[in-house]
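I sat down with this entry to look up how its interior is packed, what its cysteines do, and how some of its strands and helices are arranged. My notes follow in the order in which I looked things up.

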Amino acid sequence: MKVIIVGGGTAGWLTAAACKNELTHADITLIDKEVSEPVAVGEATLQGFETFLKDKCGFDPREYITELDVGMKGGILFPDWGYKGNNVWHPFHFFNYPFTSPLNTPISMVDAWSHCQDIDIKKLSVLWQVSMANYVDRTQLDNAYALHVDCLKLTKFIRKKILNVITFINSEVKEIKRDLNGNITSLMLQNGGKIQGDLFIDCTGFKGILREDKDRIDLTDRLYVDTALAGHIPYRNRPQEFKPYVTCPAVDSGWIWDIPLKSRIGSGMVFNRNITSPEQAAEEFCGYWNNRIIPDDLKLIDWTPYYEETQWKGNVISIGLSAGFIEPLESTGVALTMEGISTFCRLLKGGPYNKHDADYYNSRMKLIFEICIDFVNMHYSKSDIESPFWEYVRENYKMSNTQQTYLDNLNSPNMSLMDGKDFIFGGANWIHWLIQMGYNITPKNYMTFVDKELLEKALLNITSVEDKKVEFASLGHLVPNNQFCDHFLV
């Protein structure tokens with residue numbers, strides 16, 4: 001089987017690496033134009049990213065950890081979301097700390113906490129404690145951490161590792177030949193070449209040039225930002241600023257991301273271009289960083305939030321931005337790219353594909369996009385910031401059925417819905433976010449027979465860890481984030 005990948009950004013090179021490693025029966029060709037234009041801002045990953053590089057792509061962590069400017073990510077801190085002065089903490093792991101009632105009923109930590117709401121729920125997470133203290137460990141809590149990576153270095157790393165085992169063509173697609181059913185038969189290249197294949201992977205970004213007829217679902221009624229300004233921020237106090245988490249404060253015109261890498265900070269501001277001009281956004285963003293960056297150094301990225309309803313059509317699969325893009329919040333773009341690649345590789349391992357494979361793929365990817373859309377949409381459900389952007393959000397916000405279900409559960413005396421979908425954002429994510437956003441939770445009455453005083457004492461004992469540098473029996477050795485790479489290689 002001949003697999004032709006068009007596009008050489010992060011999506012294209014990740015696809016090529018995974019296909020070469022997973023589809024041993026396939027011949028892989030990657031075509032990228034001579035002057036590539038990667039978006040190159042997706043530097044915060046999710047916890048499955050390292051597993052993807054190691055297991056799906058076959059790369060040795062001892063190599064990519066040192067080459068990708070890696071920092072650690074134990075979660076995301078969201079200052080001023082929900083209401084001014086609030087801090088929402090979204091970690092990669094939610095501790096259950098199951099308490100057992102006198103009737104031997106398991107009690108989740110959230111439900112125990114529902115009777116002791118004076119305690120800051122963030123402090124019930126060791127991830128919060130060690131992250132705020134800037135102490136981390138790659139082996140801590142199994143897969144509870146993700147990586148911050150330099151995405152330009154990532155594509156260079158992958159290219160170096162696989163260039164001699166795939167066919168790489170440095171040219172631009174000039175013309176696409178199709179049969180009567182709309183399937184691609186060949187690609188005519190700018191360099192005069194003609195490329196034929198069995199399956200074509202579209203990694204050409206928002207343009208999606210391999211798709212003749214697009215069926216994009218417009219998400220502007222559920223998502224509220226469509227533009228970003230991004231740049232690189234130099235460190236001024238690296239030991240303090242090289243944090244093991246992402247910071248995403250809500251600001252007047254939208255929100256800002258702050259992703260600490262080993263040598264610099266990747267940062268950007270996300271806004272709505274119909275409300276805030278790029279010039280206004282640049283002024284606000286540069287002011288946030290006390291002019292450590294200037295407008296001329298910023299890259300403008302704009303999009304209309306969407307996804308393709310049919311991401312595998314005929315012999316073309318759309319991956320990455322060509323399949324859809326929600327917005328940068330919660331790093332869903334990276335996750336959706338990995339899921340698309342993993343799913344079609346799994347389907348193709350057995351050899352030739354058929355319509356049932358494509359139908360399954362399309363159903364799964366649509367479900368996963370909708371899960372991500374609902375979760376991102378929820379972040380905008382409450383804010384007291386007085387500005388044109390947030391006023392627009394409050395006037396146009398549409399609550400999803402998913403959010404209403406979780407709110408109904410919060411407001412009931414029933415056990416919290418801590419499980420959920422099998423992709424990224426389950427019940428624990430929703431429940432912790434909604435509570436920290438300021439939504440009320442009713443004390444759970446299935447556990448009213450439990451001694452509140454004992455519960456409070458147990459919860460306070462969890463929050464009492466003061467020295468974050470010690471060795472926890474369940475955590476392993478903790479080291480400062482800025483010493484991470486050296487520690488990992490020991």
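The entries below go from the nonpolar cores to the cysteines, then to a sheet and a pair of helices.

**Cores.** I kept in mind throughout that this is a predicted model. I began with the largest nonpolar core, which has 125 residues, and I noted that Trp81, Phe344 and Tyr380 are the residues with the most contacts inside it. When I asked which element supplies the largest share of this core, I found helix 10, residues 355-379, with 11 residues. I then listed what Tyr380 touches, leaving aside residues up to four places away in sequence: its contacts are Trp81, Tyr224, Val225, Trp255, Glu327, Leu329, Phe389, Trp390, Val393 and Tyr397. I also recorded a second, separate core of 16 residues, which includes Ile233, Val251, Ile265 and Ile293.

**Cysteines.** I searched the whole structure for disulfides and the search returned zero. Why does Cys345 not bond to Cys19? The sulfur of Cys19 is the closest cysteine sulfur to that of Cys345, but the two are 4.2 Å apart, which is too far for a bond, because a disulfide needs the sulfur atoms within 2.5 Å. I looked up accessibility as well: Cys345 has 2% relative accessibility and therefore counts as buried, and Cys116, at 3%, counts as buried too.

**An open sheet.** I next traced a sheet of three strands, which is open, runs in the order 11-12-13 and has antiparallel pairing. Strand 11 (173-178) and strand 13 (194-196) are at the edges and each has a single partner strand, so one side of each lacks a neighbour in the sheet. From one strand to the next, I noted an average twist of 20°. Looking at the pairing in detail, I found five bridges between strand 11 and strand 12 (residues 184-189), in the antiparallel sense, and I wrote down that Lys177 has Ser186 in strand 12 as its bridge partner.

**Helices 10 and 13.** I returned to helix 10 to see how its axis lies against that of helix 13 (residues 427-437), and found that the two axes come within 11 Å and cross at roughly 10°. The two helices are therefore roughly parallel, because angles under 35 degrees count as such. For the contact itself, I listed Asp374, Phe375, Met378 and His379 on the helix 10 side, and these meet Asn429, Trp430, Trp433, Leu434 and Met437 in helix 13.

Conventions
Residues are numbered from 1 along each chain as its sequence is written. This is a predicted model: local features need pLDDT of at least 70, side-chain atom pairs count only at pLDDT 80 or more; totals for chains, interfaces and linings use all residues. Side-chain values use heavy atoms; hydrogens and water are left out. A nonpolar core is a set of buried Ala, Val, Leu, Ile, Met, Phe, Trp, Tyr and Cys residues joined through side-chain atoms within 4.5 Å. Buried means under 20% relative accessible area, exposed over 50%, partly exposed in between (1.4 Å probe, protein chains only). Helices (H or I, at least four residues) and strands (E, at least two) are DSSP runs, numbered from the N terminus. Contact means heavy atoms within 4.5 Å. Two strands pair if DSSP finds at least two bridges between them. Axes are lines fitted to C-alpha atoms, for helices over the stretch in contact, and angles run from 0 to 180 degrees between N-to-C directions. Angles under 35 degrees count as roughly parallel, over 145 as roughly antiparallel, 65 to 115 as roughly perpendicular and the rest as oblique.
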